[in-house]
Each structure stands twice: as structure tokens, then as C-alpha cells.
Amino acid sequence: MNDETINVTEETADYVPEMENEPTEEPDKTAALEAEKQELLGKLKELEAELLREQIKVKLLILGILPEKLEDGAAMAYGLCLAGKEPDAAAEEIIAAYPHLKAVRRELPQFSAESAGSGDGFSAIRKIFSTR
């Protein structure tokens with residue numbers, strides 16, 4: 001019986017239980033990894049939202065929105081995307097619902113003027129002011 005006791009005692013004297021050291025360190029590591037994971041997930045969600053806003057802006061520009069109204073239209077379309085619409089469909093719906101946001105192409109009158117002589121438009125103006 002002494003031999004068995006000595007063997008067990010010798011084995012237990014050299015035995016350093018790993019389980020006792022790990023549980024105190026493991027929650028710290030787990031908590032740190034979980035915090036880092038949550039931080040990365042938050043950043044990922046922010047980047048996805050920013051990408052969605054930029055996709056909406058590109059679609060609105062393709063559809064012909066006025067550049068100065070781009071942010072307003074993008075905010076409205078982003079709200080529709082949060083409600084479940086696709087970015088393309090949301091942008092098209094905003095342009096259809098708010099036509100005043102869309103750029104209207106206007107034809108500007110074209111003037112042609114000869115550079116010299118009495119036939120150009122500037123000579124008539126010069127005559128008006130030269131008689132005074």
C-alpha cells in the first residue's frame with residue numbers, strides 16, 4: 001500500500017493542472033475576442049450602410065437627379081431601402097415621385113455674331129452708345 005501511495009504522490013507532485021490556470025485566463029481572452037468581434041461587426045454594418053448609400057447616389061445620378069439635390073434624394077431612397085426595397089427600385093421610385101429633383105435639359109438660344117463689320121450684333125450696341 002505504501003508503494004501505491006508513493007507512486008501517486010510522485011505523480012501528483014509533478015502534475016500541474018492546466019484546467020486551473022486556463023479558466024482564469026480564458027474568460028479574459030473570450031471577452032476580449034467577443035469585444036473585438038462586436039467591434040468588427042459594427043464596422044462591417046457601417047461600411048455596408050455607406051456602400052448602400054453610395055450605390056443609391058450612383059443610381060440617382062444615372063437617372064438624372066440634380067447634383068445639388070443628390071443628398072436629399074439619396075436620404076429618401078435610403079429610407080425606402082431600409083423598408084425592404086432594392087437600391088435601384090428605391091432610386092427609380094424617388095425620381096418618379098419627385099420629378100422636381102430631376103435635371104431638365106433646356107435648349108439655350110444660339111447666337112452667331114460676325115467678328116467684324118456692321119452685320120454683327122455688337123455694332124448695333126456700339127451705335128446706340130456712340131450717339132450719346
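**Briefing: an all-helix predicted chain**

Once neighbours within four places in sequence are left aside, K57 is in contact with L70, E71 and A74. This contact set belongs to a predicted model, in which the secondary structure of the chain comes to five helices and zero strands. Two residues, K57 and I125, are taken up below after the chain as a whole; K57 is placed in helix α2 and I125 in helix α5.

**Overall architecture**

- Read from the N terminus on, the elements of the chain follow the order α-α-α-α-α, with no strand among them.
- Among contacts in the chain with a separation of 6 or more, 52% are accounted for by residues that lie 24 or more positions apart.

**Burial and surface**

- The chain has 132 residues, of which 17% count as buried.
- Its accessible surface comes to about 11,200 Å², and 57% of that surface belongs to carbon and sulfur atoms.

**K57 in helix α2**

- Helix α2, which spans residues 18–63, is the element in which K57 is found.
- K57 has a relative accessible area of 16% and is therefore classed as buried, since the cut-off for that class is under 20%.

**I125 and the nonpolar patch**

- I125 has its place in helix α5, which covers residues 121–130.
- The relative accessibility of I125 is 43%, so this residue counts as partly exposed, a class that lies between the 20% and 50% limits.
- Together with F122, I128 and F129, I125 makes a nonpolar surface patch of about 450 Å².

How values were computed. Residues numbered from 1 in each chain as written. Predicted model: local features only at pLDDT ≥ 70, side-chain atom pairs only at ≥ 80, totals over all residues. Heavy atoms only, no water. Helix = DSSP H or I, 4+ residues; strand = E, 2+ residues; numbered from the N terminus. Buried < 20%, exposed > 50% of the residue type's maximum accessible area, 1.4 Å probe, protein only. Contact = heavy atoms within 4.5 Å. Areas by Shrake-Rupley, 256 points an atom, 1.4 Å probe, with all protein chains shown as cover. Patch = residues over 30% accessible without salt bridge, like charges linked within 9 Å, V, L, I, M, F, W, Y side chains within 5 Å. Salt bridge = Lys/Arg side-chain N within 4 Å of Asp/Glu carboxyl O.
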